[in-house]
Amino acid sequence: QLKDAADALEAAMKALEVKKPDNNNNGNNNNGNNGNNNSQTPAIGSVIADASGIFNYKVTGNDTVAVKNMTAKGKAKSSVKIVKTIKANGKTYKVTAIAANALKGNRKVTSVSIGSNVEKIGNKAFANCTKLKTVTVSGNKLKTIGQSDKNLKTVNLKKVKTLKTVGKSAFKGVSKKITVRVPKNKKAAYVRIFKKGGIAASKIK
């Protein structure tokens with residue numbers, strides 16, 4: 001009986017030794033998978049790019065980014081579009097802001113179309129864009145406009161019904177020919193908002 005018990009114990013220990021490498025391998029596989037998943041999700045504050053290669057974006061939230069600046073490819077274009085979403089690292093992000101100085105100094109761009117998820121245009125986002133004449137916002141989420149470029153001739157906000165703030169003197173020195181197009185039912189409110197920004201009521205259409 002003692003011999004039988006010893007044999008059984010020996011068999012059990014051998015079975016455990018066989019299982020140990022399997023457990024270790026499983027752990028390694030799990031760690032590897034976790035590492036890959038983490039590498040695919042950029043941290044908040046990281047700078048990423050999408051497939052178009054026109055802009056660089058700063059990650060601002062779990063699924064949001066802001067336009068940080070233009071790439072060399074973007075600076076070569078005269079007409080650019082800031083899309084409502086981008087895909088990077090297998091994930092979709094909403095483009096909710098244009099950072100301060102994002103397009104500053106671009107001497108090629110003449111028109112900018114802004115996607116429907118953008119809520120804020122930062123200060124001097126279009127500063128010294130000497131050929132920029134038209135900015136069009138295609139959505140209704142925009143709430144804040146910072147300082148703008150003095151060369152602007154047309155700002156199209158026909159779809160924007162959420163604007164709350166235009167920076168003080170944001171349009172100071174802007175072209176006397178500028179026209180800001182707004183929703184008819186928001187004209188009175190937007191006249192007051194843009195007055196603080198330096199645009200006369202007669203320029204709000």
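**Exercise 1. The largest cavity**

Find which residues line the largest cavity in this predicted model, and sort that lining into nonpolar, polar and charged.

*Solution.*
Step 1: list the lining. The largest cavity is bordered by Ile121, Phe126, Val135, Val137, Ile145, Gly146, Gln147, Ser148, Leu152, Val155, Leu157 and Phe171.
Step 2: sort it. Nine of the lining residues are nonpolar, three are polar and none is charged. Gly counts as polar here.
Step 3: add the volume. The largest cavity takes up about 80 Å³.
Step 4: count. With a cut-off of 30 Å³ or more, there is one cavity.

**Exercise 2. Tyr190**

Decide whether Tyr190 is buried or exposed, and name its contacts beyond four places in sequence.

*Solution.*
Step 1: place the residue. Tyr190 sits in helix H3, residues 187–197.
Step 2: check accessibility. The relative accessible area of Tyr190 is 1%, so it is buried; the cut-off for buried is under 20%.
Step 3: list the contacts. Outside its neighbours within four places in sequence, Tyr190 touches Val160, Lys161, Thr162, Leu163, Val182 and Pro183.
Step 4: take one distance. Val180 is ten residues from Tyr190 in sequence, and their C-alpha atoms are 9.6 Å apart.

**Exercise 3. Two asparagines with positive phi**

Locate Asn89 and Asn101, then classify the exposure of Asn89 and of Asn101.

*Solution.*
Step 1: take Asn89. Its phi is positive, about 55°, although Asn89 is not a glycine. Asn89 lies in the loop between strands S5 (85–88) and S6 (91–98).
Step 2: take Asn101. Its phi is also positive, about 65°. Asn101 belongs to the loop between S6 and strand S7 (111–114).
Step 3: classify. Partly exposed runs between the 20% and 50% cut-offs. Asn89, at 44%, is therefore partly exposed. Asn101, at 36%, is partly exposed.

Key: Residues are numbered from 1 along each chain as its sequence is written. This is a predicted model: local features need pLDDT of at least 70, side-chain atom pairs count only at pLDDT 80 or more; totals for chains, interfaces and linings use all residues. Side-chain values use heavy atoms; hydrogens and water are left out. On a 1 Å grid over the protein atoms alone, a cavity is a set of points where a 1.4 Å probe fits but cannot get out, and a pocket is an open set with protein on both sides within 12 Å along at least five of seven lines; lining residues have an atom within 4 Å of a point. Grid points are joined across faces, edges and corners, and a volume is the space filled by probe spheres set on the points. Helices (H or I, at least four residues) and strands (E, at least two) are DSSP runs, numbered from the N terminus. Buried means under 20% relative accessible area, exposed over 50%, partly exposed in between (1.4 Å probe, protein chains only). Contact means heavy atoms within 4.5 Å.
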